Amino acid sequence: MEFTEKHVEGLKDLLYRMADDLLILGHRNSEWTGLGPILEEDIAFSSMAQDKVGQSLALYEILHELGESDPDTVAFTRNDFQFHNCQMVEFPIGEYDFSLVRHFFYDHADALRFEALTETVFEPLQMVAKKFKGEIKYHTMHANSWLKQLANGSEESKIRMQQSINELFPHALGMFEPSNFEQELMESGLFIGEAALQQRWLDTVVPLLESYGYTVPTDAAPLFGGRKGVHTEYLQPLLDEMTEVFRIDPSAEW
Amino acid sequence: METSARIKSILETVMDPEIPTISLVDLGIVTKIESRASQHAYVQLTPTFSGCPALRVMEDLVRTALTDAGFQEIEVETSFETQWNTNLITEKGRAALLKHGLAPPVKHEGYIELDVLSDTPCPLCGSRNTTLQSPFGPTLCRSLHYCNNCRNGFEGFKPI
């Protein structure tokens, strides 16, 4: 089918959501570099940070081909209200249980989102989705093994993990905040839509968490805002730090 | 066709910047070679990992090698058109990884679970009695293992 202006607008919005999530969570993950509780975990979060920032770049490049500014400008010169990431990814890293649970919620959604996008009619996105799928697999495997291990660790580890699950679940549902273009994205075969994705995510994470022995607050109400540029007090300081070197000399060649 | 073959043989001498025993061709990342004149070369590369920092370096290495070989019109492009996976590493490439002390990736059918990595043969003694320590290693393409037989830690090139 022919793409109308609204289809392209919807596609760009979708790309910004994914790229901004990856950039911001990639930055948060990198904050564990040098601080991880054990060396392997330090390396794991650093590697996942590198994957995510690299994936965000590939998506910003697609946006650039669709007429948006170049990746550096888009990543480093916007203010918080111009970011389309969900609020969950912008929270500080907190304690390790918090970062692990966020990682589990986010990466399962990410894996399912790109799995779905391997069938999008927009070819450049289809190609990167096929590529990302293999990389994300290692992220979900990592998350699963820790969620499982800490459910069976000590009484304290289980309590802490459960508290983070309860705290983060409404924010996790916020990942699926509908866009203004759901209908256009679905009718054109660009994307399955946020509601369908959320259902796939619930069908994946709820049985997994229950099998590890956690309870899931499935009746929680979603906390929206991020996708429409409404962010918490934590995003702007993150952006200020992330862009500090860039702002010294925006025209520098690296 | 003859020029394309020549380009390929040049690329067989361009080594991966992080693993100097393996060429870009044997790594399986050269996805297209074209030439429309004797001085023209088009090379398409595909990233191993989206976040691999060696990618830009590889593009530069290809450009330099082709310039040194006398090509005047050189186009090097990175594209996701063909998605790289470790099954694309050639037999020669697998031997080159081993030479660098890295366990070659397990061959797979596209479905990877952690169990696949848990019996990676040790590159030092060949034993399969090994333990996966972490699927994340010092670079994105490597995993960390321990050999219960010769009691050495080793790195593997992880299947993707």
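**Exercise 1. Determine the strand order and the edge strands of the open sheet of four strands in chain B.**

Solution. Step 1: The open sheet of four strands in chain B has the order β4-β7-β6-β5, with mixed pairing; helices (H or I, at least four residues) and strands (E, at least two) are DSSP runs numbered from the N terminus, and two strands pair if DSSP finds at least two bridges between them. The model is predicted: local features need pLDDT of at least 70 and side-chain atom pairs count only at pLDDT 80 or more, whereas totals for chains, interfaces and linings use all residues. Residues are numbered from 1 along each chain as its sequence is written, and chains are lettered from A in the order in which they are written.

Step 2: β4(B) and β5 (130–134) of chain B each have a single partner strand and stand at the edges, so one side of each lacks a neighbour in the sheet.

Step 3: β4(B) and β7(B) run parallel and are joined by two bridges. L102(B) has E155(B) as its bridge partner in β7(B), and A103(B) stands opposite G156(B).

Step 4: β7(B) pairs with β6 (residues 142–147) of chain B in the antiparallel sense over five bridges; here R142(B) stands opposite F157(B). Five residues lie between the strands of this hairpin, in which R151(B) takes a positive phi near 55 degrees.

Step 5: Four of the five residues of β7(B) are buried, where a residue is buried if 20 or more other C-beta atoms lie within 10 Å of its own, exposed if 12 or fewer, and partly exposed in between, with C-beta atoms placed from the backbone.

**Exercise 2. Establish which residues of helix α4(B) are buried and what they pack against.**

Solution. Step 1: In α4 (residues 91–99) of chain B, the buried residues are G93(B), A96(B) and L97(B). Seen down the helix axis, they fall within an arc of 100 degrees, so they line one face of α4(B); the arc is that of the directions from the helix axis to the C-beta atoms.

Step 2: An α-helix has 3.6 residues a turn, so residues three or four places apart point the same way.

Step 3: On the face turned away from the buried side, α4(B) carries the exposed residues E91(B), K92(B) and K99(B).

Step 4: The buried residues pack against α2 (24–27), β4 (102–103) and β7 (153–157) of chain B, two residues being in contact if their C-beta atoms, placed from the backbone, lie within 7 Å. Just after the helix, G101(B) takes a positive phi of about 85 degrees.

**Exercise 3. Describe the open sheet of three strands in chain B and the helices that pack on it.**

Solution. Step 1: The strand order is β1-β2-β3, with mixed pairing. β1 (30–34) and β3 (73–78) of chain B are the edge strands, each with a single partner, so one side of each is left without a neighbour in the sheet.

Step 2: Neighbouring strands of this sheet are turned by 15 degrees against each other on average, direction ignored; axes are lines fitted to C-alpha atoms, for helices over the stretch in contact, and angles run from 0 to 180 degrees between N-to-C directions.

Step 3: β2 (residues 40–45) of chain B pairs with β3(B) in the parallel sense over six bridges, and Y42(B) stands opposite E75(B).

Step 4: Helix α1 (residues 2–11) of chain B packs on the sheet, touching β1(B) and β2(B), and its direction makes about 140 degrees with that of β1(B). Helix α3 (residues 54–68) of chain B touches β2(B) and β3(B), at about 160 degrees to the direction of β3(B).

**Exercise 4. Characterise the side of chain A that touches chain B.**

Solution. Step 1: The contact joins 21 residues of chain A to 18 residues of chain B.

Step 2: On the chain A side, α2 (39–65) and α5 (123–151) of chain A are the elements that give two or more residues; α5(A) gives the most, with 11 residues.

Step 3: By class, this side has nine nonpolar, six polar and six charged residues, where Ala, Val, Leu, Ile, Met, Phe, Trp, Tyr, Cys and Pro count as nonpolar, Asp, Glu, Lys and Arg as charged, and the others, Gly among them, as polar.

Step 4: Leaving aside neighbours within four places in sequence, V128(A) is in contact with A58(A), L59(A) and F80(B).
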